[in-house]
Amino acid sequence: MREKIISVKDLSYNVENTEILKFINFDIYKNDFVGIIGPNGAGKSTLIKILVGEIKNYIGSVNINGKIGYVPQKDEFDRTFPIRAFEVALMGMYNEVGVFKRYKKKHYEKVRNIMKMLDIEYLYNRNVGKLSGGEYQRLSLARALVSDPDILILDEPEAGVDSNAQKIIYSILEDLNKKGMTIILVSHDISMVLKKVNTVMCLNKTLHCHKNSIDMTSDDLKKIYSEELELLVHIDKPLKVVSRND
Ligand SMILES: Nc1ncnc2c1ncn2[C@@H]1O[C@H](COP(=O)(O)OP(=O)(O)OP(=O)(O)O)[C@@H](O)[C@H]1O
């Protein structure tokens, strides 16, 4: 039987009497590759922040059965700050070493190995202010991976990077998923999501669909995107013909 890794029941979240998320229910299983799509303001980042524990005052229950690695949408710190790439990646092990402990040789080695795996070892000593958007995105991924997460959560990994960097990121994610990692990402690139992930969640305050990507139909997308759909997705019906190997 497949192992349930995340279980969300009757989740609602309000800010000052405004409903941001309403009565959301879903389960995510080990090794799922999930894409969360929805228009601007649909509540995608809010849902992610609840899953990673940044927002706590929600209604309902959220059970997570594993360690989460998080790649947020925006920089968490000023990139003009003089800090080198490997030091940013090391921050991913902050919980492991604690406030007063020092990083050991094994921590530096781990950072180097993961940067190597992500093809950014050459950036090891470079100041973060000197990295391109795509390089910085992979460094954020390295920081999330050094903690050995069971679940990787990414908020718009393709934001601000060119199509080549986007392809690199998705191919890394596919490899990680093949190795057993559960991956959840938020994206506005519907075509890419439909090609790459296994499970799609369509969110617009409520969860309008949660199904295998190969079973997605134009009607599922229309429920959340209305008439701009043609501009967003360059695929004719049926969506089932989308090839995963493109
Ligand atoms: N702290 C807050 N106070 C007031 N409103 C908020 C707060 N946080 C989020 N919202 C509102 O909640 C809604 C959902 O925001 P959220 O960032 O989760 O959407 P999103 O789907 O990630 O959007 P986008 O695709 O534009 O990034 C938006 O209308 C936003 O303005």
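**Figure 1. Overview of the predicted model.** Of the 246 residues that make up the protein, 36% count as buried. The model shown here, as in every view that follows, is a predicted one. Its secondary structure comprises 9 helices and 9 strands. When contacts between residues at least 6 apart in sequence are considered, 67% of them join residues that are at least 24 apart.

**Figure 2. The two domains and the contact between them.** The protein is divided into domain 1, which takes in residues 1-66 together with 182-246, and domain 2, which covers residues 67-149. To the contact between them, domain 1 gives 4 residues and domain 2 likewise gives 4 residues. On the side of domain 1 that touches domain 2, the residues divide into 2 nonpolar and 2 polar, with no charged residue.

**Figure 3. The surroundings of the ligand.** The residues that surround the ligand are V15, I20, G38, N40, G41, A42, G43, K44, S45 and T46. Sorted by class, this shell holds 3 nonpolar, 6 polar and 1 charged residues. Helix 1, made of residues 44-51, supplies the largest share of the shell, namely 3 residues.

**Figure 4. An open sheet of 3 strands.** Strands of a sheet pair through backbone hydrogen bonds, and the pairing may be either parallel or antiparallel. In the open sheet shown here, the 3 strands follow the order 2-1-4, and their pairing is antiparallel. Strand 2 (18-29) and strand 4 (59-64) stand at the edges, and each has a single partner strand, so one side of each is left without a neighbour in the sheet. From one strand to the next, the twist averages 15°.

**Figure 5. The pairing of strand 1 with strand 2.** Strand 1, which spans residues 4-15, runs antiparallel to strand 2, and 8 bridges join the two. One residue pair can be picked out as a guide to the view: I6 has I28, in strand 2, as its bridge partner.

**Figure 6. The hairpin of strand 8 and strand 9.** Strand 8 (residues 199-204) and strand 9 (residues 206-212) run antiparallel and are joined by 6 bridges. Together, strand 8 and strand 9 form a hairpin with 1 residue between them, and K205, in the turn, has a positive phi of about 70°. Beside this turn, N204 stands opposite T206, which belongs to strand 9.

Note on methods
Residues numbered from 1 in each chain as written. Predicted model: local features only at pLDDT ≥ 70, side-chain atom pairs only at ≥ 80, totals over all residues. Near = placed C-beta within 6 Å. Helix = DSSP H or I, 4+ residues; strand = E, 2+ residues; numbered from the N terminus. Nonpolar A, V, L, I, M, F, W, Y, C, P; charged D, E, K, R; others polar. Domains from an automatic or database assignment. Contact = placed C-beta atoms within 7 Å. Pairing = 2+ DSSP bridges. Axes fitted to C-alpha atoms, helices over the stretch in contact; angles between N-to-C directions. Buried ≥ 20, exposed ≤ 12 C-beta atoms within 10 Å, placed from the backbone.
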